[in-house]
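This report looks at the backbone of one protein chain and at the places where its torsion angles call for comment. Please keep the sequence and the structure in view while reading.

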Amino acid sequence: MLDVLIKNGRIVDGSGNPWFYGDVGINEGKIVQVGKVDQESRQVIDAKKQVVSPGFIDGHCHSDLMILNYPQSEIKLQQGVTTEVVGNCGLSPTPFFGEYAHLLKKYVQPVIGSSRKEWSWKTVEDYAETIRQARPSENITTYVAHGTLRILVMGFEKRPATKEEVDRMKVLLEEGMQAGAIGLSIGLLYAPGSFSTKEEIAELCSVLPKYDGLLSTHIRGEGNNLIPSIKEVIWIAETAGIPLHVSHLKAAGKRNWELVEHAMEVITDAREKGLDVTCDVYPYSASSTMLLTVLPPWVLEGGVQATLERFKDQIIRGKIREELANEQEDWDNLVCSTGWENVVISSVQTDKNRGLEGKSIAAISEIRGAHPVDCVLDLLLEEGGDVSIVYFLMSDDDVSKVVQWDHSLIASDSLHCDTGKPHPRLYGSFPRVFAKYVREDRLLSLEHAVRKITSFPVQRFKLGKRGLLVPGYAADIVVFNPDTIQDEATYQHPKNFPNGISHVWVNGKMTLENGNHTKAREGTFIKANCNH
C-alpha cells in the first residue's frame, strides 16, 4: 500500500519534456510510481486541473541563520521551495572560531540575519548537524564561503594572502568539502573578497577538483566592470580546472544595461571552449544587500567596527563623498550611475529609525537636511553597521533575457526578514516566474520554467536523486494551479504569501496542505554528491 497517491494531475516531471496526465505514488519518502497508478493508498489527493512537479530548489539565497530561527520555513514552502542553497557570495556563518570570529559575526549578520541561538558550531560539519537537530521543514545544502575563510585566517587586512594563509584556508575548505559542501563561493564585490587577487583564489580552488566541487561567484563588478569581472572568474575556473557558476547575472546601472548581452556572449564563448559555466538570476529588477556595500572598498578594511570609527573623521567623510560623486576605475561606483533615489532602506535595527524603512536615501537626505553620503554614514553609525537596502539598478528587459537563457537557473537571492521591508523576492520569487514569465509574458514554457527550478539546479549542485518525478527519487513534490499561481509580495508590502500553491511534500511528508503548513519537519541537510 502506498503512503500517498496524487491522482489526475498534469505531470511536469522536471526534465523539460512535455507535460502529461498521470498519477504519482509515494512510499517511505520516495517516489515509487509515475503514470497510471492503481495501487491502494493511505492518502489520496486529487490534483485535477493542477500541475504536479518536483519541489522547487532555491539555488541561491541567504537563509543560513533564518533556517535555524524559523525552521518551519513557511516563507519558502508557501512558494513551493523544498530545498535551499546557502553559503553564497562568500558570506557564511561557518566555520566559526578563532581570534577573528567576532569580526565575521558582526559583518555577515546584515545579510544572513541575527541568530536567536548561540553560534555553537565551529566547522561546516557542526553547522550541518545543527541544522539536522533543528529539524527544518525543508532541505538545506551549503557552500564553503571564501570571505568567511579569509576573515578567520587574516581578518579584514587589505592585502594579498601569504602562501601560509592560503594553505590555512585550503585546509578549512577541504574540511568543508569533506562535510558535504557543494563547492566554494566567493564574493569579490564584498570585503574581504574584494581584497583578494585572482591568483590567490585560483590556488585556493585547487582543492575543489578532488571533490568535484563548484566555484560560485558574486563577481567583482556588475556595472562598468561587468565584462572584465566575468573574464576574471573564467580565468580562475580555467586555471583551477573547475566548473563555474556566476551568481545573479545582471548589468547594474542604466548606462550598463546593454552589457548583459555581451556578458552572456562571454559565457557562451567560454562554454564553447570547454568550460562548464552557468549562472543564476532572480526575477526582479532591484537587488538587495548591505548598505555598507555602496561605500568604497577601502573603507571596510579592518572590519565593521574599524569602518564605523572612520566615519567620525571629517577628512575621511570628505574623501568618501568625493569618491561616491565620481566614476572609479578600480571598483563599480553604482551610486554615481543610479542615484541615491534608487537606494531604499529595507531594514534597520533600532526603533528610532524604523520610520526610515521603505524610504530612499535621497528622501532621507531631504528629511534630515544633510548630504546623502552623510545620511548614509550617520545611519550606519546609529545602527552599528546593520542596515539593509533594496537597490533599483536593473532593466526589466535584461532580467527577461537572462531568465529565458538556457544557461541560467532561477533563484531568489533572498535575505533574512527579521525587521523592516525585505525585498519581495523573499516571499514571491518562484510564483512570480510562473505568473509573469510563463502565463503573462509567455517567455518560458511551463516545462522550461519547472526545469529551471528543479532538475537543473539539482544537477548543477549535485544534490542526488531529487528534482525529477522519477521512481526512486526523493518525494519532494509541489501541486499548483498554473492559472492562478501568483506572487503577492510588493516592494511596499513585501510580506505577503503567494496564491495558487495547494500542496507541498518534503521527503514524502505532506508539509503544505490546501495552502496551510502542517507543521511537518522532515527536511534535512543534503550533502553534495550523495544520493538521499
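## Positive phi at lysine 49

In this predicted model, lysine 49 is exposed, its relative accessible area being 66%, and that places lysine 49 in the exposed class because exposed means over 50%. Although lysine 49 is not a glycine, its phi is positive, at about 70 degrees. The residue belongs to the loop that runs between strand E4 (44–46) and strand E5 (51–54).

Most residues other than glycine have a negative phi, and most peptide bonds are trans.

## Positive phi at arginine 135

Arginine 135, likewise not a glycine, has a positive phi of about 50 degrees. Its place is in the loop between helix H4 (124–134) and strand E8 (139–142). With a relative accessible area of 45%, arginine 135 is partly exposed.

## Cis peptide bonds before proline

Which residues does a cis peptide bond join, with omega about 0 degrees? One such bond joins threonine 94 and proline 95, where omega is about 0 degrees, and proline 95 itself lies in the loop between strand E7 (81–86) and helix H3 (101–112).

Another cis peptide bond joins alanine 191 and proline 192, again with omega of about 0 degrees. Proline 192 is found in the loop that leads from strand E10 (183–187) to helix H7 (198–204).

Methods: Residues numbered from 1 in each chain as written. Predicted model: local features only at pLDDT ≥ 70, side-chain atom pairs only at ≥ 80, totals over all residues. Heavy atoms only, no water. Helix = DSSP H or I, 4+ residues; strand = E, 2+ residues; numbered from the N terminus. Buried < 20%, exposed > 50% of the residue type's maximum accessible area, 1.4 Å probe, protein only.
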